[in-house]
Amino acid sequence: MFDIIEGPIDVAALISAAQRPDCGAISTFVGTTRVDENNGVSVEYLEYEAYRPMADRKLEEIGAEIERRWDVREVSIVHRIGRVDPVEASVAIVVASPRRGPAFEASRYAIERIKQVVPIWKREVWSDGYFWIGSQVGTRERANPT
Amino acid sequence: MDGIKVLLFGAAADRAGTRETVIPAGNTTLDELWPVLAERHPDLSPMRDTLAFAVNGEYARGDARVSPGDEVAVLPPVSGG
């Protein structure tokens, strides 16, 4: 299942849906909002936007790439857009495979590919302004991704 | 609607001050479209080297052809995850 949603990701439901008798491994990666701090100011939340439906198609392509490279029986990638508060999940990747090796490798591959090719962008909103990750554009005076 | 629809995202939308614009052009290429867009939205210019483009929802190079009715997207470095 590949989806882009507004609102919380139900990670438990994704894992349940991946449980199969022919698989002995389910690997789960969850990306969450980390609160960075710098000189007394901190990240308050992240805000994501996507170019749809291109982003949806790119998620499906990543799933297809994984199925060509590894013996996996289930791949789900769900990315959240809009505001994502601290500790909440922005992305969840669930891979079921007969064995653990492909499950681990494929979930790692999925998150790296997401960061390369899926047209989704995030803005870090700090207590003193914001900036777009990867672009150095924003209202913070010290807009340095660290 | 005549012209080429241009969608802007993330930092590019921020810099341009808009998420969508229509450029009244005929058959052209991305490379030829860029100066028109940059003239309308000068704050985009410094980002040029970081941007990728899509035509009708797929990544495209500068020599890609675009025609009226096509949808061009201006894509800053992606930062999902």
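**View 1. Chain A as a whole, with its far-apart contacts.** Of the contacts in chain A with a separation of 6 or more, 69% are between residues 24 or more positions apart. Keep in mind while looking around that this is a predicted model. Chain A has three helices and nine strands, and going along the sequence they come as β-α-β-β-β-α-β-β-α-β-β-β. Put a box around the C-alpha atoms along the principal axes and you get roughly 55 × 25 × 25 Å. As for burial, 40% of the 146 residues of chain A count as buried.

**View 2. The start of chain A, around M1(A).** M1(A) sits in the segment before β1 (2-6) of chain A. Is M1(A) buried or exposed? Somewhere between the two: it has 14 C-beta neighbours inside 10 Å, so M1(A) counts as partly exposed. Once you skip the neighbours within four places in sequence, M1(A) is in contact with A17(A) and S76(A). Take A17(A): it is 16 residues from M1(A) in sequence, and the C-alpha to C-alpha distance between the two is 9.4 Å.

**View 3. The hairpin of β3(A) and β4(A).** Here strand β3 (residues 37-38) of chain A meets strand β4 (residues 41-50) of chain A, running antiparallel and joined by two bridges. Look for E37(A), whose bridge partner in β4(A) is S42(A). Two residues lie between the strands of this hairpin, and N39(A) takes a positive phi near 50°. If you like checking backbone torsions, N39(A) is the residue to click on for that positive phi.

**View 4. β4(A) and two more of its partners.** Following β4(A), you meet strand β7 (residues 120-126) of chain A, which runs antiparallel to β4(A) and is tied to it by seven bridges. Which residue of β7(A) is the bridge partner of Y45(A)? That would be V125(A). Strand β5 (residues 74-84) of chain A also pairs with β4(A), again antiparallel, with three bridges. In that pairing, L46(A) stands opposite V84(A) of β5(A).

**View 5. Chain B as a whole.** Chain B is built from two helices and seven strands, and the pattern along the sequence reads β-α-β-β-α-β-β-β-β. Its radius of gyration is 12 Å, close to the 12 Å that the globule rule gives for 81 residues, so chain B is as compact as a globular protein of that length. The C-alpha box along the principal axes is roughly 35 × 25 × 20 Å. Of the 81 residues, 36% count as buried. Among contacts in chain B with a separation of 6 or more, 55% link residues 24 or more positions apart.

**View 6. The five-stranded sheet of chain B.** This open sheet has mixed pairing and the strand order β2-β1-β7-β4-β5 (chain B). Why do β2 (20-23) and β5 (58-60) of chain B each have a side without a neighbour in the sheet? They stand at the edges with a single partner strand each, so one side of each is left free of a neighbour there. On average, neighbouring strands of the sheet are turned by 30° against each other, direction ignored. Zooming in, strand β1 (residues 4-8) of chain B runs antiparallel to β2(B), with four bridges between them. One pair to pick out is V6(B) with its bridge partner T21(B) in β2(B).

**View 7. Helix α2(B) on the sheet.** Helix α2 (residues 30-40) of chain B packs on the sheet, touching β1, β2, β4 (52-55), β5 and β7 of chain B. The direction of α2(B) makes about 115° with that of β2(B). Its buried residues are L30(B), L33(B) and L37(B). These cover an arc of only 60° around the axis, which puts them on the same side of α2(B). An α-helix has 3.6 residues a turn, so residues three or four places apart point the same way. On the face turned away from the buried side, you'll find the exposed residues D31(B), P35(B) and E39(B).

**View 8. Where chain B touches chain A.** Here 18 residues of chain B are in contact with 23 residues of chain A. On the chain B side, the elements giving two or more residues are α1 (10-16) and β7 (71-75). The largest share, four residues, comes from α1(B). By type, the chain B side divides into ten nonpolar, six polar and two charged residues.

How values were computed: Residues numbered from 1 in each chain as written. Chains lettered and ligands numbered in written order. Predicted model: local features only at pLDDT ≥ 70, side-chain atom pairs only at ≥ 80, totals over all residues. Rg over C-alpha atoms; globule rule 2.2 N^0.38 Å. Buried ≥ 20, exposed ≤ 12 C-beta atoms within 10 Å, placed from the backbone. Contact = placed C-beta atoms within 7 Å. Nonpolar A, V, L, I, M, F, W, Y, C, P; charged D, E, K, R; others polar. Pairing = 2+ DSSP bridges. Axes fitted to C-alpha atoms, helices over the stretch in contact; angles between N-to-C directions. Arc of directions from axis to C-beta.
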